[in-house]
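Trainee: I would like a close look at one part of this model, the nonpolar core. Please take me through it and then through its surroundings.

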Amino acid sequence: MAQTPPRPTPCTTDPDTAGFWAAAQQEQLVVLTCRQCRSVVHLPRPRCTQCGSEEMEWTVVSGRGHLYSHTVVYHQIHPAFPVPYTVVLVSLEEYPEVRYTGYLPGAPDLVAGVAMNVFFESLDGVSLPNWRSA
Ligand SMILES: [Zn+2]
């Protein structure tokens, strides 16, 4: 039986998202916000999509949210992700329009709207935000 290879890790040095990964390394979940108009900018960009300001900052959020949607994957497409596994889409408590993804092994019994909490898993030196039922 073949051994499962390690899961791939994200690029943590991209200028638009490096702050997200640096915060995750401290086990903090953040969103990018505009210092001028306080809008959240998701996906992260170098300037505000509402007012055009380049004065952006990472804002810490609670790590609480609600399951927006999920899907169970039964067809394996990458050897590092044995099936079945579940991809979750979580809507943040403070910014419901911001949705982060997560990966859960297996096929847990989930219902849209259920409360979710972030946790951080270490993967090859990278702290990766992930989600579980509250
Ligand atoms: Zn703005």
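Mentor: Start with the largest nonpolar core, which has 17 residues. Val 30, Val 61, Val 90 and Trp 131 touch the most other members of it. Four elements give two or more residues each: strand S1 (29-34), strand S2 (56-61), strand S4 (85-92) and strand S6 (115-123). S1 supplies the largest share, five residues. Now look at the domains. Domain 1 (11-61) gives residues to this core, and domain 2 (63-134) does too, so the core lies between them. Keep in mind that this is a predicted model.

Take Val 30 next. Leaving out residues up to four places away in sequence, Val 30 touches Gly 19, Phe 20 and Ala 23 on one stretch of chain. On a later stretch, Val 30 also touches Trp 58, Thr 59, Val 60 and Val 61. Place these on the elements. Helix H1 covers 18-25, and strand S2 covers 56-61. Val 61 appears twice in this account: it is a contact of Val 30, and it is listed with Val 30 among the residues that touch the most other core members.

Now step back to the whole chain. The protein has one helix and seven strands. Their order along the sequence is α-β-β-β-β-β-β-β. The C-alpha trace spans about 55 × 30 × 25 Å along its principal axes. There are 134 residues, and 17% of them count as buried. Consider contacts between residues at least 6 apart in sequence: 45% of them join residues at least 24 apart.

Leu 67 is a good residue to check by hand. Leu 67 sits in strand S3 (residues 64-73). Is Leu 67 buried or exposed? Count the other C-beta atoms within 10 Å: there are 21, and the cut-off for buried is 20 or more, so Leu 67 is buried. Its contacts, again without residues up to four places away in sequence, include Val 88 and Val 90. Leu 67 also touches Leu 110, Ala 112, Gly 113, Val 114 and Met 116. Val 90 links back to the core: it is one of the residues that touch the most other members. Go the other way along the chain, to Glu 55. Glu 55 is twelve residues from Leu 67, and their C-alpha atoms are separated by 31 Å.

Next, the backbone around these strands. Which residues does a cis peptide bond join? One such bond joins His 42 and Leu 43, with omega about 10°. Leu 43 lies in the loop between S1 and S2. Another cis peptide bond joins Val 83 and Pro 84, with omega about -5°. Pro 84 belongs to the loop between S3 and S4.

Check phi as well. Glu 27 has phi near 60°, a positive value in a residue other than glycine. Glu 27 is in the loop between helix H1 (18-25) and S1. Within 10 Å of it there are 13 other C-beta atoms, so Glu 27 is partly exposed. Arg 38 is not a glycine either, yet its phi is positive, about 70°. Arg 38 is found in the loop between S1 and S2. With 11 other C-beta atoms within 10 Å, and 12 or fewer as the cut-off, Arg 38 is exposed.

Definitions and conventions:
Residues are numbered from 1 along each chain as its sequence is written. This is a predicted model: local features need pLDDT of at least 70, side-chain atom pairs count only at pLDDT 80 or more; totals for chains, interfaces and linings use all residues. Two residues are in contact if their C-beta atoms, placed from the backbone, lie within 7 Å. A nonpolar core is a set of buried Ala, Val, Leu, Ile, Met, Phe, Trp, Tyr and Cys residues joined through C-beta atoms within 7 Å. Domain bounds come from an automatic or database domain assignment.
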